[in-house]
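User: Please take a close look at a single part of this model and then set it in its surroundings, with burial, contacts and charged pairs treated together. I would like one connected account rather than a list.

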Amino acid sequence: MKKFQLGEFEEVVMLTVGILHGDAYGVSIKKEIEDRLGRNVSVGALQTALKRLEQKGYLQSHDGEATQERAGRPKRYFQITALGKKAMEYMRSTRNELWNAIPKVALDVKFMSLYE
């Protein structure tokens, strides 16, 4: 399988777009990440990640309807592409392989407390 590269924040953004399926636009993505992970997300960092993920072909976007509350500007909605799904599956399988390779004793609290 082709190797896909996703940074940690990019992976969080991709997962959040999946969670919001059909309702993933800038503000909703930002709010979902902040609510789920309890971390602040700057609009600039999010927009940069969304743009980068689109350039990689992992996300695609389209404009929604223009609304009065947005001064006639449409929301930009994002969805995961087929290539993005492959990248996400690659990341999940890679993480699972790494977790499964850790000897159980390495994560044993009793064993770890000997070195503290």
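Analyst: Glu11 is found in helix H1, and in this predicted model the residue counts as buried because its relative accessible area is 12%, under the 20% cut-off. The side chain of Glu11 is not without a polar partner, since a polar contact of 2.6 Å links it to the side chain of Arg95. When neighbours within four places in sequence are left aside, the residues in contact with Glu11 are Leu6, Met91 and Arg95, so that Arg95 appears both in this contact list and as the polar partner.

The helix that carries Glu11 runs over residues 8-19 and has 12 residues. From its first C-alpha to its last, helix H1 reaches 17 Å, which is close to the 16 Å expected at 1.5 Å a residue. Glu11 is one of several buried residues in H1, a set that also includes Phe9, Glu10, Val12, Val13, Met14, Thr16 and Val17. The buried residues of H1 pack against helix H2 (26-37), helix H3 (43-56) and helix H4 (82-101), and also against strand E1 (59-66) and strand E2 (74-80).

Leu15, by contrast, is found in helix H1 but counts as partly exposed, because its relative accessibility is 44%, which lies between the 20% and 50% cut-offs. The C-alpha atom of Leu15 is separated by 9.8 Å from that of Ile29, a residue 14 places away along the chain.

Turning to charged pairs, side chains of opposite charge can pair when their charged atoms come close. A search of the whole structure finds nine salt bridges, and helix H2, one of the elements against which the buried residues of H1 pack, holds the pair Lys31 and Asp35, whose side chains meet in a salt bridge at 2.6 Å, N to O. Both residues lie in H2, four residues apart, which is about one turn of the helix, and Asp35 counts as exposed because its relative accessibility is 51%. A salt bridge also joins the side chains of Glu32 and Arg36, here at 2.4 Å, N to O, and these two residues are likewise placed in H2, four residues apart, or about one turn of the helix. The two ends of this pair differ in burial, because Glu32 has a relative accessible area of 17% and is buried, whereas Arg36, at 54% relative accessibility, counts as exposed.

Among the strands, the side chains of Asp63 and Arg76 meet in a salt bridge at 2.4 Å, N to O. Asp63 lies in strand E1 and Arg76 in strand E2, so this pair ties together parts that are 13 residues apart in sequence. Both partners count as partly exposed, Asp63 at 46% relative accessibility and Arg76 at 38%. Salt bridges that share partners also join Glu10, Arg52 and Lys56 into one network, and Glu10 is among the buried residues of H1.

Elsewhere on the surface, Trp99, Ile102 and Leu107 make a nonpolar patch of about 310 Å². Leu107 has its place in the loop between H4 and helix H5 (109-113), and this residue is partly exposed, with a relative accessible area of 45%.

Note on methods: Residues are numbered from 1 along each chain as its sequence is written. This is a predicted model: local features need pLDDT of at least 70, side-chain atom pairs count only at pLDDT 80 or more; totals for chains, interfaces and linings use all residues. Side-chain values use heavy atoms; hydrogens and water are left out. The expected span of a helix is 1.5 Å times one less than its number of residues. Buried means under 20% relative accessible area, exposed over 50%, partly exposed in between (1.4 Å probe, protein chains only). Contact means heavy atoms within 4.5 Å. Patches are made of residues with over 30% relative accessible area and no salt bridge: like charges are joined within 9 Å, nonpolar side chains (Val, Leu, Ile, Met, Phe, Trp, Tyr) within 5 Å. Accessible areas come from the Shrake-Rupley method with a 1.4 Å probe; for residues, only the protein chains shown count as cover. A salt bridge is a side-chain nitrogen of Lys or Arg within 4 Å of a carboxyl oxygen of Asp or Glu. A polar contact is a pair of N or O atoms within 3.5 Å; within protein, one must be able to donate a hydrogen and the other to accept it, and residues adjacent in sequence count only if both atoms are side-chain atoms.
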